[in-house]
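Here's a protein chain to get acquainted with. Take a look at it first, and then we'll walk through it together.

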Amino acid sequence: MVIHFSNGKIIATPHEVVIKLEGNAMVTLQAQVDAITLIGRGANVIAANGVETKWSVKLDNQEQLEQLSQHASIAIQ
């Protein structure tokens with residue numbers, strides 16, 4: 001599944017999440033779903049925190065977070 005947001009796109013599978021940010025730097029962030037936390041309540045943040053990973057990305061709205069939650073089977077906290 002691909003979810004577009006203002007800074008790029010999210011590619012989600014049941015096993016991993018890849019975020020491709022737009023811009024000259026062409027940043028790509030990738031994490032296994034076990035390392036992902038979805039933070040709701042208006043924050044709308046995807047956070048990855050694993051052994052060798054630590055990053056976060058703010059989404060545009062709650063709907064994008066819910067789409068990711070449903071497709072990757074990650075609960076929103």
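What follows is a short tour, from the overall fold down to a few single residues.

## The big picture

One thing to know up front: this is a predicted model. The chain is built from one helix and seven strands. If you trace it along the sequence, the order reads β-β-β-β-β-β-β-α. The radius of gyration is 11 Å, close to the 11 Å that the globule rule gives for 77 residues, so the chain is as compact as a globular protein of that length. Lay the C-alpha trace along its principal axes and it spans about 30 × 30 × 20 Å.

How much of the chain is tucked away? Of its 77 residues, 38% count as buried. As for who meets whom, take the contacts between residues at least 6 apart in sequence: 33% of those join residues at least 24 apart.

## The outside

The accessible surface of the chain adds up to about 4,800 Å², and carbon and sulfur atoms account for 48% of that. There are charges to look at too, 5 positive and 7 negative. Average the positions of each kind, and the two mean points sit 5 Å apart.

## The nonpolar core

Now for the inside. In soluble globular proteins, nonpolar side chains tend to be buried together. Here the largest nonpolar core has 20 residues, and the ones touching the most other members are Ile10, Ile19, Ile36, Ile46, Trp55 and Leu68. Plenty of elements chip in with two or more residues: strand 1 (2-5), strand 2 (8-12), strand 3 (16-21), strand 4 (28-32), strand 5 (36-39), strand 6 (45-49), strand 7 (54-58) and helix 1. Which element gives the largest share of this core? That's helix 1, with three residues.

Trp55 is worth a closer look. Leaving out residues up to four places away in sequence, Trp55 touches Ile19, Leu29, Gln30, Ala31, Ile36, Ile46, Ala47 and Ala48. Among these partners, Ile19, Ile36 and Ile46 are on the list of core residues that touch the most other members.

## Two glutamines on one helix

Helix 1 covers residues 62-72, and Gln64 is found there. Gln70 lies in helix 1 as well. Is Gln64 buried or exposed? With a relative accessible area of 8%, Gln64 is buried, because buried means under 20%. Setting aside neighbours within four places in sequence, Gln64 is in contact with Ile3, His4, Phe5 and Leu59.

Gln70, on the other hand, counts as exposed at 65% relative accessibility, because the cut-off for exposed is over 50%. Gln70 and Pro14 are 56 residues apart along the chain, yet their C-alpha atoms are separated by 9.6 Å.

## Two loop residues with positive phi

Most residues other than glycine have a negative phi. Met26 goes the other way: its phi is positive, about 55°, although it isn't a glycine. You'll find Met26 in the loop between strand 3 and strand 4. At 66% relative accessibility, Met26 counts as exposed.

Asn44 is not a glycine either, and its phi is also positive, near 55°. This residue sits in the loop between strand 5 and strand 6. Is Asn44 buried or exposed? Its relative accessibility is 6%, so Asn44 counts as buried.

Definitions and conventions:
Residues are numbered from 1 along each chain as its sequence is written. This is a predicted model: local features need pLDDT of at least 70, side-chain atom pairs count only at pLDDT 80 or more; totals for chains, interfaces and linings use all residues. Side-chain values use heavy atoms; hydrogens and water are left out. Helices (H or I, at least four residues) and strands (E, at least two) are DSSP runs, numbered from the N terminus. Buried means under 20% relative accessible area, exposed over 50%, partly exposed in between (1.4 Å probe, protein chains only). Contact means heavy atoms within 4.5 Å. The radius of gyration is taken over C-alpha atoms; the globule rule is 2.2 Å times the number of residues to the power 0.38. Accessible areas come from the Shrake-Rupley method with a 1.4 Å probe; for residues, only the protein chains shown count as cover. Lys and Arg count as positive and Asp and Glu as negative; His and the chain ends are not counted. The place of a charge is taken as NZ of Lys, CZ of Arg, CG of Asp or CD of Glu. A nonpolar core is a set of buried Ala, Val, Leu, Ile, Met, Phe, Trp, Tyr and Cys residues joined through side-chain atoms within 4.5 Å.
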